[in-house]
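Student: I should like to understand how the terms used for a structure follow from its values. May we look at one together?

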Amino acid sequence: MDFITAIILGIVEGITEFLPVSSTGHLILATELLGYDARRWAVFNIAIQPGAILAIVVLYWRTFLAVAKGLISWEANSVAFVRNLLLAFFPAVILGLAFGDQIDALLENAVVVAWALIVGGVAILIVERLAKTDNVLGISGVSIAQSIKIGLVQCIAMIPGVSRSGATIMGAMSLGIDRRTAADFSFFLALPTLSGATVLQLYKHRDMVTAGDVQLIAVGALVSFVVALIVVKAFMAVVTRYGFGPFAWYRIIAGSAALIWLKTR
């Protein structure tokens, strides 16, 4: 049953990590809905994130290779690319270390997740309607000030259910950055952010992780990797054609349903 649970949660992680619907929120709701011990699986839910991260590395390997080559020759666009991601990453590091215990407590509250899904969905609809975006020449074309502000907005996603990708994409769009660049920025920013969160959580809870847990984490990470490969491509196709509206309405409906279920179970 543990391996089946690992597979199910791996699928949920792979589907939701890069969509603006909150992977952490869905994993928390999944543990509630299926009756799993939330405390036991909380570390697992974070530890399998590298699987989804690897999917981005595989899908965008040409970009990573080009940036690496550019850094060797100190090419301006490559330097700006890395600089912007690091600037956006640092706020999460500072707040994550400062409020780690409070964040961990929120990870056990499914009601917070339901409300965050609803509020986040409404926020996406508002940003989609009001944001005036310009054509930005990729991540390297984002300014230093914009990068820092995106990093600050990303910190809101420490509240489970908000969605890291949703916060960063909507934050970028509200700053005038076009949809495609906003999505790419969110994808690449996930690498240091999720990697850091995984390392921190595994270190904090190292005494709780057994050899059997490592096997389950490997299974969940592998499943999330395969699923994320498929989902990211489909996500960009949907966004290009329909925008983020479908995800906003999904959040509102899912959050409302979860809230009703949590109140009446």
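Student: What makes the contact between the side chains of Arg180 and Asp184 a salt bridge?

Tutor: The model is a predicted one. In it, the side chains of Arg180 and Asp184 come to 3.4 Å, N to O. The cut-off is 4 Å between a side-chain nitrogen of Lys or Arg and a carboxyl oxygen of Asp or Glu, so the pair qualifies as a salt bridge. Both residues belong to helix H11, four residues apart, about one turn of the helix.

Student: Why is Asp184 called buried, and why is Arg180 called partly exposed?

Tutor: Buried means under 20% relative accessible area. Asp184 has 14% and therefore counts as buried. Arg180 has 43%, which lies between 20% and 50%, so Arg180 is partly exposed.

Student: What makes Ala76 exposed?

Tutor: Exposed means over 50%. Ala76, in helix H6 (residues 76-98), has a relative accessibility of 57% and therefore counts as exposed.

Student: How many salt bridges does a search of the whole structure find?

Tutor: The search finds two. One of them joins the side chains of Glu128 and Arg179 at 3.2 Å, N to O. This pair links distant parts of the chain, with Glu128 in helix H8 (residues 110-130) and Arg179 in helix H11 (residues 179-204), 51 residues apart. Arg179 is partly exposed, because its relative accessible area is 35%.

Student: How do you know that the span of H8 agrees with what is expected?

Tutor: At 1.5 Å a residue, the 21 residues of H8 should span 30 Å, and the end C-alpha atoms are 30 Å apart, so the two agree. Among the buried residues of H8 are Leu117, Ile118 and Ile124. The buried residues of this helix pack against helix H2 (23-33), helix H10 (164-174) and helix H13 (245-264).

Student: How many aromatic pairs are there, and why is the pair of Phe187 and Phe235 called edge-to-face?

Tutor: The count comes to nine aromatic pairs. The ring centres of Phe187 and Phe235 are 6.0 Å apart, within the 6.5 Å limit, and the planes stand at 65°, over 60, so the pair is edge-to-face. Phe187 lies in helix H11 and Phe235 in helix H12 (residues 211-242), 48 residues apart.

Student: Which aromatic pair do Phe235 and Phe247 form?

Tutor: Phe235 and Phe247 form an edge-to-face pair, with 5.3 Å centre to centre and 65° between the planes. Phe235 lies in helix H12 and Phe247 in helix H13, so the pair ties together parts twelve residues apart in sequence. Phe247 is buried, because its relative accessible area of 11% is under 20%.

How values were computed
Residues are numbered from 1 along each chain as its sequence is written. This is a predicted model: local features need pLDDT of at least 70, side-chain atom pairs count only at pLDDT 80 or more; totals for chains, interfaces and linings use all residues. Side-chain values use heavy atoms; hydrogens and water are left out. Helices (H or I, at least four residues) and strands (E, at least two) are DSSP runs, numbered from the N terminus. Buried means under 20% relative accessible area, exposed over 50%, partly exposed in between (1.4 Å probe, protein chains only). The expected span of a helix is 1.5 Å times one less than its number of residues. Contact means heavy atoms within 4.5 Å. Rings of Phe, Tyr and Trp (its six-membered ring) pair if their centres lie within 6.5 Å; planes under 30 degrees apart count as stacked, over 60 as edge-to-face and the rest as tilted.
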